[in-house]
Amino acid sequence: RISRARKKLIFAAMPFDKEYDDVFFVSIVEAAKSLNAEAKRVDKEEFSGDVVDQIETLIQESTAVVADLSESKPNVLYEVGFAHAVPRPTVHICSTPLDKLPFDVRNWNTIEYMRGQTHKLKAKLLDRLRAIAKW
């Protein structure tokens, strides 16, 4: 019998907006590949049932979570809270000025990036993932 090792999962908690596709595909997916892991974003997955149940399942199955706090979207803040409660190692990234984040999240160690410069985010993200999760 052939046994296939399951790839580790990195869950991406981020705004469901095409503006953030480069953050996902250029930075998060590529950093995951460098770690021999797979990145998943719930709005890019096919599934049936409740989206919140799917998000919670993916977070519970993940080795780490990357959370884009840009614009302080309520769905992302929920997902980050769930990831912290599980708990899962979480990397926080943001293109919004950090002083614009809600007071209870702005103290987290957050990687800042500029939109249009997401290719520079990959290396920082990779370093942080290596530091917080056991690869």
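What follows is a walk through the sheet, the helices, the salt bridges and a surface patch of this predicted model.

The sheet comes first. Five strands make up an open sheet, paired in parallel and ordered β2-β1-β3-β4-β5. The edges belong to β2 (37-40) and β5 (110-112); each has a single partner strand, so one side of each goes without a neighbour in the sheet. From one strand to the next, the twist averages 25°. In general terms, the strands of a sheet pair through backbone hydrogen bonds, in either a parallel or an antiparallel fashion. Within this sheet, β1 (residues 8-13) and β3 (residues 64-68) run parallel and are joined by four bridges. In this pairing, A12 sits opposite V66 in β3.

Two helices lie across the strands. Helix α1 (residues 21-34) crosses β1, β2, β3 and β4 (90-94), and its direction makes an angle of about 155° with β2. Helix α4 (residues 118-132) lies across β1, β3, β4 and β5, at about 160° to β4. One residue to look at in α4 is L121. With a relative accessible area of just 1%, L121 falls under the 20% cut-off and therefore counts as buried. Setting aside neighbours within four places in sequence, L121 touches V23, S27, I93, I111 and Y113. As a distance marker, L121 and R41 are 80 residues apart in sequence, and their C-alpha atoms are 17 Å apart in space.

On to the charged side chains: the whole structure holds five salt bridges. One of them pairs R115 with E19, with 2.6 Å between the closest N and O atoms. This pair links distant parts of the chain, since R115 is in the loop between β5 and α4 while E19 is in the loop between β1 and α1, 96 residues away. Both ends are partly exposed, R115 at 39% relative accessibility and E19 with a relative accessible area of 45%.

Another salt bridge joins R41 to D21, and here the closest N and O atoms are 3.3 Å apart. R41 belongs to the loop between β2 and α2 and D21 to helix α1, so the pair ties together parts that lie 20 residues apart in sequence. As for accessibility, R41 and D21 are both buried.

The side chains of E71 and K73 also meet in a salt bridge, at 3.4 Å from N to O. E71 is partly exposed, with a relative accessible area of 38%, and K73 is likewise partly exposed, at 29%. These two residues are not on their own: through salt bridges that share partners, E19, E71, K73 and R115 are joined into one network.

Finally, there is a nonpolar patch on the surface. F47, V51, V52 and Y78 form this patch, and together they have about 300 Å² of accessible area. One of its members, V51, is placed in helix α2 (residues 51-61). V51 has a relative accessible area of 37%, which lies between the 20% and 50% cut-offs, so V51 is classed as partly exposed.

Conventions: Residues numbered from 1 in each chain as written. Predicted model: local features only at pLDDT ≥ 70, side-chain atom pairs only at ≥ 80, totals over all residues. Heavy atoms only, no water. Patch = residues over 30% accessible without salt bridge, like charges linked within 9 Å, V, L, I, M, F, W, Y side chains within 5 Å. Areas by Shrake-Rupley, 256 points an atom, 1.4 Å probe, with all protein chains shown as cover. Salt bridge = Lys/Arg side-chain N within 4 Å of Asp/Glu carboxyl O. Buried < 20%, exposed > 50% of the residue type's maximum accessible area, 1.4 Å probe, protein only. Pairing = 2+ DSSP bridges. Axes fitted to C-alpha atoms, helices over the stretch in contact; angles between N-to-C directions. Contact = heavy atoms within 4.5 Å.
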